[in-house]
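Look at the sequence and the structure below. The paragraphs after them go through the charges, the overall fold and the aromatic rings in turn.

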Amino acid sequence: MNTQSAQSGKLFYSIGEVAKMFDVNTSLIRFWEKEFDIIKPKKNNKGNRLFTQTDVDHFHIIYHLVKERGFTLQGAKAKLKENKDETIDNIEVVKTLQNLKNFLLDIKNTV
């Protein structure tokens, strides 16, 4: 998953940009939007979805639960309902550990 794009500071992201961030098809983004009520994109006059950074953050949580942890959609919905804050904290710990691992591997490869 490419989180670099999510940190660019843009106000809105197109469905294609969001799909690219997570390396998934736009159809999956539309599906998750319908399945999870925490995703609420705005739509422009043409009807194109405009996702905010909050939406992208919510996609990150869903992606982590479904794709990385193997939750079913119902399981992910239940997890978000029962303890969203704990889930977010766990994701942050995982991201920090992955960054540390990458940093250490970079050091190892330069020595």
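Start with the charged side chains. The protein chain carries 18 positive and 14 negative ones, and the centres of these two sets are 6 Å apart. One positive side chain can be placed exactly: Lys77 lies over the face of Phe36, 6.0 Å from the ring centre.

Now take the fold. The model is predicted. Its protein chain contains 4 helices and 2 strands, and along the sequence they follow the pattern α-α-β-β-α-α. Taken along the principal axes, the C-alpha atoms fill a box of roughly 55 × 30 × 20 Å.

How much of the protein chain counts as buried? The share is 30% of its 111 residues. The exposed area of the protein chain is about 7,400 Å², and carbon and sulfur atoms supply 50% of that area. Contacts within the chain can also be sorted by distance along the sequence. Among those between residues at least 6 apart, 51% join residues at least 24 apart.

The aromatic rings give a local example of such a link. There are 4 aromatic pairs in the count. In one of them, Phe22 and Phe59 are tilted, with 6.4 Å from centre to centre and 50° between the planes. Phe22 belongs to helix α1 (residues 15-22) and Phe59 to helix α3 (residues 53-68), so the pair links distant parts of the chain, 37 residues apart. Are these two residues buried or exposed? Both Phe22 and Phe59 are buried. They also belong to one aromatic cluster, together with Trp32, Phe51 and Tyr63.

Technical notes:
Residues numbered from 1 in each chain as written. Predicted model: local features only at pLDDT ≥ 70, side-chain atom pairs only at ≥ 80, totals over all residues. Heavy atoms only, no water. Buried < 20%, exposed > 50% of the residue type's maximum accessible area, 1.4 Å probe, protein only. Contact = heavy atoms within 4.5 Å. Areas by Shrake-Rupley, 256 points an atom, 1.4 Å probe, with all protein chains shown as cover. Lys, Arg positive; Asp, Glu negative; His and termini not counted. Charge placed at Lys NZ, Arg CZ, Asp CG, Glu CD. Phe/Tyr/Trp six-rings, centres within 6.5 Å; stacked < 30°, edge-to-face > 60°. Lys NZ or Arg CZ within 6 Å of the ring centre and 35° of its normal.
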